[in-house]
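Please examine the structure shown below before reading on. The report that follows treats a backbone feature, a salt bridge, annotated segments and a charged surface patch.

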Amino acid sequence: MTHVDADKAKFGTARSAGKRSLWGALMTNGLYGTVTETLFKTPRRQFVLLASFPLFWVFFAHLGPILQMFWISFLDSYPPSVGQEPQFTLDNWAIFFRERIFIIPFFRTLAFATVLTLSTLLITYPVAYFLAKHVSRRNQLLLLLLLLIPFWVGEIVRTYAIMILLGNNGAVNLILKWLGLIERPVPFMYTSFSLGMGIIYLTALYMLLPLYSALEKIPRNYLEAAADLGAGAWTRFWRITLPLSREGIASGCTLVFLISTGYYATPVLLGGPNTTVFAETIAGFFHVAGDEWPTGAAFSSIMLIATLAITGLFLKLMGRDGKGMMQ
């Protein structure tokens with residue numbers, strides 16, 4: 001060993017000894033012991049300390065803006081003007097129930113989101129089942145990665161991809177012409193079909209991953225035992241696979257439904273005059289000058305309450321009655 005190596009070894013040993021001595025001094029310090037004992041004395045205190053920052057983040061970054069929106073919905077003007085004090089009012093909420101023009105896109109959005117959620121479930125369930133039950137584990141990650149690649153880009157880019165696909169000179173019309181099925185391009189764009197296809201494309205991953213997770217956890221010996229007892233493929237699916245994947249169905253449908261009701265850019269780009277959704281109505285109040293923000297906040301609150309109520313009812317049915325209906 002050279003003198004340089006020996007010096008480095010001595011320096012490292014001295015440094016480690018110094019760290020140990022500092023840590024030992026800190027551990028034996030009375031103030032340090034009192035503080036740590038106070039903070040971590042009970043499991044409740046440990047939980048409060050560890051959860052304080054996440055709870056702070058959830059409240060101020062998520063619940064805070066929602067609560068402020070709810071508060072603004074009861075004001076007669078916002079943003080507040082200089083020298084003018086906003087007054088409490090219920091007119092912003094009453095406008096929704098008085099004007100039929102606002103109720104139509106509201107129920108259209110709920111119905112559209114429900115249909116799209118069921119369609120997404122029917123489309124992605126076979127894919128999730130194939131990945132979970134008919135693909136080897138070493139290839140599952142690769143196929144999931146391939147399915148995730150389109151979601152690495154933003155919503156706008158994927159929406160424009162659908163526009164290019166369904167355009168008059170898009171791939172769909174070109175294939176139909178090549179097959180001799182049409183002579184003129186089919187006007188897919190700016191219809192319920194284009195909007196539905198776009199939203200299904202954007203939300204498919206939120207349905208696929210919960211379904212795959214639930215299906216992958218189902219033990220294969222359950223299906224093998226049922227087959228040994230004489231159960232056919234359909235019986236095994238209806239009596240075993242479907243009930244045991246109920247949690248994945250509930251999670252996926254909840255995510256897709258909530259996301260579908262809140263999309264704004266995609267309906268604007270893919271929809272037409274007959275497919276106006278409630279998010280576009282809400283955005284209209286925030287885009288104009290004047291005191292329309294409280295009305296937009298009230299409409300946003302109404303949509304939030306309605307979607308949460310529908311989701312809660314759906315989860316209750318899936319959790320309590322869903323098991324009995326599937327058996």
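Y190 is partly exposed, because its relative accessible area of 48% lies between the limits of 20% for buried and 50% for exposed residues. In this predicted model, Y190 is located in the loop that runs between α8 (171-178) and α9 (192-216). Its phi is positive, about 60 degrees, although Y190 is not a glycine. Most residues other than glycine have a negative phi.

The model contains one salt bridge. It joins the side chains of E216 and R137, with an N to O distance of 2.5 Å. The two partners belong to distant parts of the chain: E216 lies in helix α9 and R137 in helix α6 (residues 137-148), 79 residues apart. E216 counts as partly exposed at 21% relative accessibility, whereas R137 counts as exposed at 64%.

An unreviewed UniProt entry lists several residue ranges under "transmembrane region", among them 187-209 and 248-266. The table describes the chain over these two ranges.

| Residues | Helix | Strand | Distance between end C-alpha atoms |
|---|---|---|---|
| 187-209 | 78% | 0% | 33 Å |
| 248-266 | 89% | 0% | 26 Å |

Which residues form a negative surface patch? The patch is made up of D76, D91, D291 and E292. Of these, D291 is found in the loop between α14 (278-287) and α15 (293-326). D291 is partly exposed, with a relative accessible area of 39%; this value satisfies the requirement of over 30% for patch residues.

Note on methods:
Residues numbered from 1 in each chain as written. Predicted model: local features only at pLDDT ≥ 70, side-chain atom pairs only at ≥ 80, totals over all residues. Heavy atoms only, no water. Patch = residues over 30% accessible without salt bridge, like charges linked within 9 Å, V, L, I, M, F, W, Y side chains within 5 Å. Areas by Shrake-Rupley, 256 points an atom, 1.4 Å probe, with all protein chains shown as cover. Salt bridge = Lys/Arg side-chain N within 4 Å of Asp/Glu carboxyl O. Lys, Arg positive; Asp, Glu negative; His and termini not counted. Charge placed at Lys NZ, Arg CZ, Asp CG, Glu CD. Helix = DSSP H or I, 4+ residues; strand = E, 2+ residues; numbered from the N terminus. Buried < 20%, exposed > 50% of the residue type's maximum accessible area, 1.4 Å probe, protein only. UniProt positions renumbered as here; feature names shortened; annotations may be inferred.
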